[in-house]
Every structure is written in C-alpha cells, then in structure tokens.
Amino acid sequence: MLNFKGYQIEIELKDGKRITGTLKQVSPKSLTLTDAVFQDGGVSPVFKIKADKLYDLKVLKLPPNANVKMNNGNGNGNGNGKQEKEKEKGKERDRFTEKADEIWDTEMSSDFDFQGNLQRFNKKDAFKDFQNVEIPKDETKIPHNEMVTAGNVKETTSDSDKITESINITHLLRNDSIAASLANQRKTFTCGSKNKIKVPLATPIQLLEMEKIADEKFMLPLKTSLEHSGIHISRLLRNMLKSYTPPATSDSDAVPTVVAFVSGGRSGSRCISALRCLLYIKDIRCIIVNPFINERESFDDDISTEQINKIKTLNNVHFPDSLAKLKELLQNEPPSIIIDALQGFDDTVSDLDFSPDSNDNIAQYIKWINSHETVSACLEVISFDCPAHIDPSSGDVIESDFVHPTTILSTGWPLHCLPKLTQILPDWRNTYVYDTGVPQQTYLLKPNLRKFYKLDIYPGFSGTQELK
C-alpha cells in the first residue's frame, strides 16, 4: 500500500459517498488524500479518512513518474532484438498491472485490512519493474540550471555560471481563475441598510486576544461575557421562532422545540446560556445533547458545569444520551431549530473527541442534523462560529460528515475562513454576529486588533447584526 503513494484514487465510503484525490499518506488506521474532491462538488487540500469508514477503493491514475516511456526500434540490424526486449518489458508491465488491479479490484470486506493487502503485494516484482523504467534525458535536467530567455527558449547553464534571473510573474495575475481566488480571499462582509459598513474578518487567535485583554484590563471575565451574549442570542432565536406554526396533528397549545448539540467548550457554554435566557422569555421545549461520551457525566471546566446546572433548574429541558432517546422525545415531529455548538472558533470536534466510542456517535448525530435540510418545519439549522468537522482556522474540511447549516452565528466578529465556506455550504443563507461585551478600547491595546476599532456594527441595543 505504501508503494501506491502519489496515485490518484477514488474511495467509496460505507455511507455511499465517493471521494477522489491523490494518495499522500497511509497508516493502519487511516489514509490521507491531497486535492480531495467530494461527490457534492466540495474540495479540500488535505483530507483524512479513517479505515473503518472505507468500503471500496479504486486506482484512477498512475503518478507521472510511474509511466514507462518506450523508444521505437530504427529498423537496423539490431532493430529486431530491441523490439523483442520492448515486447518483453511490455509483458512484464502488463503482469504488474494485472497484479495491481487484482489487489485493488477485489471486493473489500466491511473492515478494510491495510496490512493484509500489503502482504499480498509482490514488492520484488514491482521493484524489478521499476528498475526497467526508462526516463528520457530531458526529464533528468535540474530545473534551476535552466533559464527562460526573452524568446521563450530554454538554455542550460552550468553550475559555475551561477546566473540568477528575476522572473516577473505579474502576468499570472491576469488568469481569471487565480484572480477570482484572490478576490474571494479578500472578501469581507458588510452590514447596515443605508450606509454600508465593511466588517473585517478575525482569526481565532485575534478573538482569543480580545477575550484575554477584556478579562485582564477591563475586568470582563468569560463568565460575564457568556451572560451578556446569551441575552442577545436568545432574542435572535425568539425572532426566528415567530414563523413557527404548530403541526396539524398536534394540540393547539404545542410549543416549538429547539434541539442543541453542545460540548464543554466556549460555543457549548454560550449556547446553553442563550437557551436558558430564551426559556425566560418564550415558552419552548429545549433538548440538549452532548455526544461526547467523555464529557457526558460532567463538563471539564467550572464555567460549563455552572451553565448546565443553571438550565437544569428550569422546566421542559431534556438531556437524552442517545439518538434513539432523542427521536423518542420528538415523536416524529421535526424540531423548529437545530443548533450545532459542537465546536467553537478555538477548537474542533477532533480536538474534543478522545473517546473511541464518540466518533461513531457524533457521526450519527451529524447525519441526523443534515437530514433536516429539506424539512420545511425545521426553520433553521444554526452553527456557532464554524460548522462541526470544518477547521475554523483554515476552513478546510476535516471529515466528510460535516454539518450543513442554514445560518452561522459568529462570536463578536466573523471568522477569517467564512468566505471560503461558500464553496462547500450550498444551504448557508444567513450570517449573524453577536456582541460579547468586549470594550471598544480593547482594540487599541494590540496592533493587530486596531482594524476593529471605531466600528459600531450593532444598531441601538439589539446586540446582534446580520451580515451580507
């Protein structure tokens, strides 16, 4: 298996999804692809797939350096001998290809065995075949010994000349695809109806710096910030529920249901604080699910534990510990709002998931969340900061089973990776930011935060703002 690095392959997962890419790294538990392309059109520079999710694997294309180039005979006295050697080499390559196809075309079992397939691969025959590969002399030239002249003619120079040429690459920017990519990276959000305000993007490090300075210099700890933002988020959720209509099969006094998937991180704590504030101002049924088995009994830090204990004192709050119990609570009635607070701007699901049983558990919940994309009774699927299984720093897809939200709520400022997500989240329609209480003077204490100063993006006392 290790000898197939660089091969372009197609992988079929157990859930039926197909992913193509170039094989970069292999281990007994997983494999890594570069330039991964998903079945729905999404792309990711690097994508890791666990072995227990594999169903089938096919080789689509060999790497460029594995192609055997053959020279034709000239018809002289030695021509027949050369042709015979060429035919013999061709037969050996065919045998090698047949063996490789036999290995990869064999129907795989439910558990893909990397070690077993490696033992079936005859490395001696492969090495012997690689020794017979003929590389043209043009492909053995060292690139830095070639320079491009004004007439686009390559001239080979010796190392003794040591000529360094400055190459003007500004003409490359005229390429439409490159220009479009650069424009997308520079994209910012705007807010305001009349006077449009350009809203700058923030990195996770900048958001953490704001939080730290607000605590140390202005005595605004995270615990207070959670309560501050929880009030604003609850009002936004209440406005979203205005379009709720009770199902025809239910009683006239039915109340909307909000299902939240949380962890012990910042986003999970903010979500629980917001739901508690929402229960104060609107009659709803609240269902909170923590799929992380290692955190199910108790959260790791005092702040998260405090938020859980506060909301447990309220009525109509449920804590199912399995997908079956969640479905039993809903009784085939779709929730009005689903909230994804599994990760925040400072972590990922992979960072929080260190229990061997949590991975399959979380995958089932995410599949259930995405199944409500076309359910009209489900008004919103909301992700806090960044959808689960997407890296909040780079915007890269970490796992194929990531959440597909319709709305993203950003903590204070939108993340720098959000413009990139428009390529992989077709159902994402709305983006909101909410006030965390960070004083305006905070942005003057760090050079990399000054771009956020003097930007009043929250009208009146709303505490939330929709971005366009």
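**Exercises on a predicted model**

Tyr-434 in E16 is the bridge partner of Thr-411. Keep that pair in mind for the first exercise, and remember that the model is predicted.

**Exercise 1.** Work out which strands pair with E16, and in which sense.

*Solution.*
- Step 1: Start from the Thr-411 and Tyr-434 pair. Thr-411 closes strand E15, which spans 407–411.
- Step 2: E15 and E16 run parallel, with five bridges between them.
- Step 3: Now try E17, residues 464–467, which pairs with E16 in the antiparallel sense over four bridges. Here Thr-431 faces Leu-467 of E17.

**Exercise 2.** Decide how enclosed strand E16 is, and say why.

*Solution.*
- Step 1: Take one side, where you'll find Asn-430, Tyr-432 and Tyr-434, all buried.
- Step 2: Flip to the other side, with Thr-431 and Val-433, which are buried too. Both faces are covered, then.
- Step 3: Five of the five residues in 430–434 are buried, so E16 is largely enclosed by the rest of the structure.

**Exercise 3.** Check the length of helix H5 and find what covers its buried residues.

*Solution.*
- Step 1: H5 covers residues 204–218, which is 15 residues. From first C-alpha to last it reaches 21 Å, close to the 21 Å expected at 1.5 Å a residue.
- Step 2: List the buried positions: Pro-204, Gln-206, Leu-207, Glu-209, Met-210, Glu-211, Ile-213 and Ala-214.
- Step 3: A reminder helps when reading that list: an α-helix has 3.6 residues a turn, so residues three or four places apart point the same way.
- Step 4: The cover over those buried residues includes helix H6 (222–240), helix H7 (266–281) and strand E15.
- Step 5: Look just past the end of H5, where Met-219 has a positive phi of about 55°.

**Exercise 4.** Describe how H6 packs against H8, residues 302–312.

*Solution.*
- Step 1: Their axes come within 10 Å and cross at roughly 40°.
- Step 2: That angle is why H6 counts as oblique to H8.
- Step 3: As for handedness, the H6 and H8 crossing is right-handed.
- Step 4: On the H6 side, the contact uses Leu-222, Lys-223, Leu-226 and Glu-227. H8 brings Ile-303, Glu-306, Gln-307 and Lys-310.

**Exercise 5.** Lay out the five-stranded open sheet and find its edges.

*Solution.*
- Step 1: The strand order is E4-E3-E2-E1-E5, with antiparallel pairing.
- Step 2: E4 (43–50) and E5 (54–61) sit at the edges, each with a single partner strand, so one side of each has no neighbour in the sheet.
- Step 3: Ignoring direction, neighbouring strands in this sheet are turned by 40° against each other on average.
- Step 4: Zoom in on E2 (residues 18–26) and E3 (residues 30–38), an antiparallel pair with six bridges. Ile-19 stands opposite Phe-38 of E3 there.

**Exercise 6.** Is Asp-401 buried or exposed, and what does it touch?

*Solution.*
- Step 1: Locate Asp-401 in the loop between strand E14 (380–384) and E15.
- Step 2: The cut-off for buried is under 20% relative accessible area. Asp-401 comes in at 11% relative accessibility, so it counts as buried.
- Step 3: Setting aside neighbours within four places in sequence, Asp-401 contacts Lys-17, Lys-53, Ala-363, Ile-366 and His-389.

**Exercise 7.** Zoom out: how many helices and strands are there, and what share of residues is buried?

*Solution.*
- Step 1: The count is twelve helices and 17 strands.
- Step 2: Of the 468 residues, 44% are buried.
- Step 3: Among contacts with a separation of 6 or more, 69% link residues 24 or more positions apart.

Methods
Residues are numbered from 1 along each chain as its sequence is written. This is a predicted model: local features need pLDDT of at least 70, side-chain atom pairs count only at pLDDT 80 or more; totals for chains, interfaces and linings use all residues. Side-chain values use heavy atoms; hydrogens and water are left out. Helices (H or I, at least four residues) and strands (E, at least two) are DSSP runs, numbered from the N terminus. The expected span of a helix is 1.5 Å times one less than its number of residues. Buried means under 20% relative accessible area, exposed over 50%, partly exposed in between (1.4 Å probe, protein chains only). Contact means heavy atoms within 4.5 Å. Two strands pair if DSSP finds at least two bridges between them. Axes are lines fitted to C-alpha atoms, for helices over the stretch in contact, and angles run from 0 to 180 degrees between N-to-C directions. Angles under 35 degrees count as roughly parallel, over 145 as roughly antiparallel, 65 to 115 as roughly perpendicular and the rest as oblique. A crossing is left-handed if the near helix is turned anticlockwise from the far one by less than a right angle, and right-handed if clockwise.
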